[in-house]
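Please examine the sequence and the three-dimensional structure shown below. The explanation that follows is intended to be read beside them.

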Amino acid sequence: MYLYNSLTHKKELFVPNDPNLVKMYTCGPTVYHYAHIGNLRTYIMEDVLEKSLRYLGYNVRRVMNITDVGHLASDADTGEDKMLKGAKRENKTVMDIARYYTEAFKADCQKLNIKWPDVVEPATNCIDEYIHMVQTLLDNGKAYFAGGNVYFDTSTLEKYYVFNDHDEEDLAVGVREGVEADTNKKNKNDFVLWFTKSKFEDQALKWDSPWGVGYPGWHIECSCISMKHLGEDLDIHAGGIDNAFPHHTNEIAQSESFLGHKWCNYWFHVHHLNTNDGKMSKSKGEFLTVSLLQSKGYDPMAYRLFCLQSHYRRNLVFSWENLDNAAVAYEKLVAKIATLNADGAVDEAALDALKSRFVGALNGDLNTSLAITAVYDVLKAKCNDATKLAAIKDFDRVLSLDLIAAAEALAKKQAEEEAANADPEIDALVAARTEAKKAKNWAEADRIRDELKARGIEIIDTPQGAKWRKV
């Protein structure tokens with residue numbers, strides 16, 4: 001399997017540290033509000049990556065954090081804590097907000113068939129781990145105490161901007177909102193490892209520490225949660241491209257300074273979901289959720305298909321027209337699958353040939369667009385329906401579009417509608433038309449068709465025989 005590594009800017013053959021276990025870490029949500037569909041694009045593609053690895057035979061242990069403390073409104077360590085912002089908005093405690101929106105996020109994942117990670121750890125569970133890392137960084141000269149806070153000293157690094165070769169003036173625009181100068185910092189890009197009560201006095205969650213009562217910075221939680229559950233060597237770290245700087249940059253800086261060796265081999269970044277006006281974000285008010293899509297009549301699987309139709313390293317433009325196109329494509333795909341007959345034996349040689357195209361798409365830097373094309377190739381393949389259904393069921397272990405279940409539900413619904421609208425007289429005429437066609441009595445077949453049309457009945461010829469419906 002070849003994956004694009006954001007750290008080296010090239011596709012690389014994926015080779016895990018331990019062939020028996022892939023260690024995968026994915027940045028989780030800050031649970032101060034509902035996840036919007038732009039956030040969820042990242043989680044969908046991370047889900048496909050994990051399922052692809054499992055499909056290809058790897059054993060995977062995936063860990064994700066839940067940010068319930070410490071993520072400030074700006075990535076420059078300034079502004080109001082997002083969790084406190086949510087608590088004020090709804091007049092609830094921070095922990096009430098965290099619990100509610102964690103469950104809401106989990107529900108969204110279920111709707112989109114996103115597998116819940118093997119380990120999900122709230123940031124508030126790991127205070128001891130943060131304190132240990134901060135103290136170690138202070139002891140080895142990688143951090144300093146100033147103005148009541150502990151900062152990481154980026155001047156101790158040989159290279160800070162590990163994801164690119166830009167200078168710091170160019171990368172300063174990577175912070176998202178309201179950057180303020182912090183006079184406590186020795187260097188502009190130093191970042192906070194631990195805040196004390198000397199800053200943000202209204203912070204709701206605080207803990208005792210060697211440096212005073214306070215709380216951790218945002219960046220440190222992912223490093224410590226990853227190490228707690230996956231050890232000192234990480235195979236894959238995934239997240240949105242907007243996290244590459246400064247969040248993932250700072251994770252690498254503190255983790256490798258703490259460990260004394262390379263931490264993570266492969267960095268997997270999913271690009272933005274944009275609107276016509278730019279990147280989708282909560283701060284802009286473009287707050288489209290899965291529940292909102294459902295309220296407008298969209299199946300969540302239509303949105304998942306919409307995401308899979310594009311490569312994860314390309315920005316994807318959302319519009320209602322584009323989502324409509326994906327919804328129509330999904331309905332047509334399910335309808336075609338619903339016409340397949342499961343009777344018969346699976347042709348294993350043909351199935352292997354179909355699988356090879358699908359595997360090739362996954363191995364080629366997780367090309368989900370080609371993987372979807374492989375599904376359409378199955379429907380056009382010269383093999384029996386049982387083999388086609390076996391292939392689609394197999395592919396859906398990764399795609400998770402509920403293709404077989406949706407097709408079975410559609411077929412059942414159609415059968416029930418046919419039974420409810422059964423008319424022996426019409427059935428007899430349709431059967432007579434079929435016999436006339438077999439006998440090549442085209443005039444009689446046309447006469448019956450015209451008679452039925454005059455009575456408001458449309459005949460639909462399918463591979464399984466003629467069907468009819470009222471129009």
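The paragraphs below proceed from the overall dimensions to the sheets, and then to the cavities, a pocket and individual residues.

The model is a predicted one. The protein contains 16 helices and 16 strands. Its C-alpha trace extends over about 95 × 50 × 35 Å along the principal axes. Of the 471 residues, 51% count as buried. Among contacts with a separation of 6 or more, 76% are made by residues 24 or more positions apart.

A suitable starting point is an open sheet of 5 strands, arranged in the order β5-β4-β3-β10-β11 with parallel pairing. The edges of this sheet are formed by β5 (residues 119-122) and β11 (residues 264-270); each has a single partner strand, and therefore one side of each is left without a neighbour in the sheet. On average, and with direction ignored, neighbouring strands of the sheet are turned by 20 degrees against each other. In general, the strands of a sheet pair through backbone hydrogen bonds, in either a parallel or an antiparallel arrangement.

Within this sheet, β3 (residues 22-26) and β10 (residues 234-240) are joined in the parallel sense over 3 bridges. Met 24 is found opposite Ile 236 in β10. Two helices may be considered together with these strands. Helix α7 (residues 244-259) packs on the sheet, where it touches β10 and β11, and its direction makes about 155 degrees with that of β10. Helix α6 (residues 218-230) lies across β3, β4 (residues 60-66), β5 and β10, and runs at about 145 degrees to β4.

Antiparallel pairing appears elsewhere in the chain. Strand β6 (residues 143-146) pairs with β7 (residues 149-152) in the antiparallel sense, and 4 bridges connect the two. Ala 146 stands opposite Asn 149 in β7. The hairpin of β6 and β7 has 2 residues between the strands, and in it Gly 147 adopts a positive phi near 60 degrees. Strand β7 also runs antiparallel to β8 (residues 191-196), to which it is joined by 3 bridges. In this second pairing, Val 150 is placed opposite Trp 194 in β8.

Which way do the residues of β7 point? Asn 149 and Tyr 151 point one way from the strand, whereas Val 150 and Phe 152 point the other way, and all are buried.

Attention now turns to the enclosed spaces. The structure holds 2 cavities of 30 Å³ or more, and the second largest of the cavities contains about 30 Å³ of space. Its lining consists of Tyr 43, Arg 62, Met 64, Phe 105, Cys 109, Ile 114, Lys 115, Trp 116 and Pro 117. Two or more residues of this lining come from each of β4 and α3 (residues 94-111). Strand β4 is thus a member of the open sheet as well as a contributor to the cavity wall. By class, the lining of the second largest cavity comprises 7 nonpolar and 2 charged residues, with no polar ones.

The second largest pocket has a volume of about 800 Å³. It is lined by 22 residues, of which Gln 414, Glu 418, Ile 460, Lys 467 and Trp 468 are the closest to its centre. At least two residues of the lining are supplied by each of α10 (residues 320-338), α14 (residues 403-420), α15 (residues 424-438), β15 (residues 457-462) and β16 (residues 465-470). The lining of this pocket divides into 11 nonpolar, 5 polar and 6 charged residues.

Two individual residues complete the account. Lys 336 is located in helix α10, an element that also contributes to the lining of the second largest pocket. Is Lys 336 buried or partly exposed? Its relative accessibility is 45%, so Lys 336 counts as partly exposed. The C-alpha atom of Lys 336 is separated by 8.1 Å from that of Ala 407, although the two residues are 71 residues apart along the chain.

His 311, by contrast, is situated in the loop between α9 (residues 300-308) and β14 (residues 316-317). His 311 is buried because its relative accessible area, 11%, is under the 20% limit. With residues up to four places away in sequence not counted, His 311 touches Arg 41, Asp 365, Leu 366 and Asn 367.

How values were computed
Residues numbered from 1 in each chain as written. Predicted model: local features only at pLDDT ≥ 70, side-chain atom pairs only at ≥ 80, totals over all residues. Heavy atoms only, no water. Pairing = 2+ DSSP bridges. Axes fitted to C-alpha atoms, helices over the stretch in contact; angles between N-to-C directions. Contact = heavy atoms within 4.5 Å. 1 Å grid on protein atoms, 1.4 Å probe; cavity = no way out; pocket = protein on both sides within 12 Å on 5 of 7 lines; lining within 4 Å. Points joined across faces, edges and corners; volume = space filled by probe spheres on them. Nonpolar A, V, L, I, M, F, W, Y, C, P; charged D, E, K, R; others polar. Buried < 20%, exposed > 50% of the residue type's maximum accessible area, 1.4 Å probe, protein only.
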